[in-house]
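Ready to practise reading a protein model? Work through the exercises below with the structure open beside you, and try each task before you look at its solution.

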Amino acid sequence: MNTEAKIVAVVDYGMGNLRSVSQAVQAAAQDSGWTVQVTSNPEQVRAAQRVVLPGQGAMPDCMRELAQSGLRDSVLEAAASKPLFGVCVGMQMLLDHSAEGDTPGLALIPGEVVKFDLQGCNQADGSRYKVPQMGWNQVRQVCHGGTVHPVWAGVPDNSYFYFVHSFYARPQNPEHCAGETDYGGWFAAAIARDNIFATQFHPEKSADQGLRLYRNFLHWNP
């Protein structure tokens, strides 16, 4: 590989919203010198300078497909050494365990994934909370290591992002929460540790602020 090339790999293990994610990252990378590569090749993931791990559907299916695709080890290697962005179930996969199908995760960030339990709870307007949460919701940026995470740079606090999920992350260490959202109670909408940043919401479906997150990720130097 040309050592001057700057490659961001979008991991294709058959379970991500690849078209939307890759198009959004390409839009964010415009005129930046980055090349976006959607790949199912473990060696290309290893060779890339940055990695995006999307995820969509059920956690057991995502973990099974990641393993069967042969990409699991390359994702773990990437997470140990280069900036990695997890999206939706791709965020949930980073934790130790999910209650969805009693599924072990990648254990990169200590914590668990649990299901919304909102039966009998009403929203401020009197309507019932629906599960899955589907639609736009505000994200409150949380101080991470004493300051707001650099991937939030230029994104106004309490900006709206697009969510579709029935399960959410519960990191063991509160310092790993980089953003939170209120849906029948506050939960971690973004988590981060060292060179890893991940969101429960979909930046690729979140208009300008979502693109800004991807752009910040491409310039982030953890």
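## Exercise 1: The whole chain

Let's start with the surface: the protein chain exposes about 9,900 Å², and carbon and sulfur atoms supply 45% of that area. Keep in mind that this is a predicted model.

**Task.** Work out how compact the protein chain is for its length.

**Solution.**
- Step 1. Count the elements: the chain has six helices and 15 strands.
- Step 2. Compare two numbers. The radius of gyration is 16 Å, close to the 17 Å that the globule rule gives for 222 residues, so the protein chain is as compact as a globular protein of that length.
- Step 3. Add the dimensions: along its principal axes, the C-alpha trace spans about 60 × 35 × 30 Å.
- Step 4. Look inside. Buried residues make up 51% of the 222 residues.
- Step 5. Check who touches whom. Take the contacts with a separation of 6 or more: 73% of them come from residues 24 or more positions apart.

## Exercise 2: Val8

**Task.** Decide whether Val8 is buried or exposed, and list what it touches.

**Solution.**
- Step 1. Find Val8 in strand β1, which covers residues 6-11.
- Step 2. Apply the cut-off: buried means under 20% relative accessible area. Val8 has 0%, so it is buried.
- Step 3. Skip the neighbours within four places in sequence, and Val8 is in contact with Val25, Trp34, Thr35, Val36, Gln37, Arg50, Val51, Val52, Phe217 and Leu218.
- Step 4. Try a distance as well. Val8 and Ala29 are 21 residues apart in sequence, and their C-alpha atoms are 9.3 Å apart in space.

## Exercise 3: Gln56

**Task.** Place Gln56 in the chain and classify its accessibility.

**Solution.**
- Step 1. Look in the loop between β3 (50-53) and α3 (59-68); that's where Gln56 lies.
- Step 2. Partly exposed residues fall between the 20% and 50% cut-offs. Gln56 is at 34% relative accessibility, so it counts as partly exposed.
- Step 3. Beyond its neighbours within four places in sequence, Gln56 has contacts that include Met15, Asn17, Val89 and His202.
- Step 4. Now go to Glu43, 13 residues away along the chain: its C-alpha atom is separated from that of Gln56 by 23 Å.

## Exercise 4: The largest pocket

**Task.** Describe the largest pocket and its lining.

**Solution.**
- Step 1. Start with the volume, about 190 Å³.
- Step 2. Count the lining: 14 residues, with Gly57, Val89, Val164, His165 and Ser166 nearest the centre.
- Step 3. Sort them by type, and you get five nonpolar, seven polar and two charged.
- Step 4. Ask which elements take part. α5 (89-92) and β11 (159-165) each supply at least two lining residues.

## Exercise 5: Backbone oddities

**Task.** Find a cis peptide bond, then look up the phi values of Ala107 and Asp194.

**Solution.**
- Step 1. Go to Val131 and Pro132: a cis peptide bond joins them, with omega about 10 degrees. Pro132 sits in the loop between β7 (109-115) and β8 (133-141).
- Step 2. Move to Ala107, in the loop between β6 (103-104) and β7. Its phi is positive, about 60 degrees, although Ala107 is not a glycine.
- Step 3. Finish at Asp194, another residue other than glycine with a positive phi, near 55 degrees. Asp194 lies in the loop between β14 (186-193) and β15 (196-199).
- Step 4. Exposed means over 50% relative accessible area. Asp194 has 54%, so it is exposed.

Key: Residues are numbered from 1 along each chain as its sequence is written. This is a predicted model: local features need pLDDT of at least 70, side-chain atom pairs count only at pLDDT 80 or more; totals for chains, interfaces and linings use all residues. Side-chain values use heavy atoms; hydrogens and water are left out. On a 1 Å grid over the protein atoms alone, a cavity is a set of points where a 1.4 Å probe fits but cannot get out, and a pocket is an open set with protein on both sides within 12 Å along at least five of seven lines; lining residues have an atom within 4 Å of a point. Grid points are joined across faces, edges and corners, and a volume is the space filled by probe spheres set on the points. Helices (H or I, at least four residues) and strands (E, at least two) are DSSP runs, numbered from the N terminus. Ala, Val, Leu, Ile, Met, Phe, Trp, Tyr, Cys and Pro count as nonpolar, Asp, Glu, Lys and Arg as charged, and the others, Gly among them, as polar. The radius of gyration is taken over C-alpha atoms; the globule rule is 2.2 Å times the number of residues to the power 0.38. Buried means under 20% relative accessible area, exposed over 50%, partly exposed in between (1.4 Å probe, protein chains only). Contact means heavy atoms within 4.5 Å. Accessible areas come from the Shrake-Rupley method with a 1.4 Å probe; for residues, only the protein chains shown count as cover.
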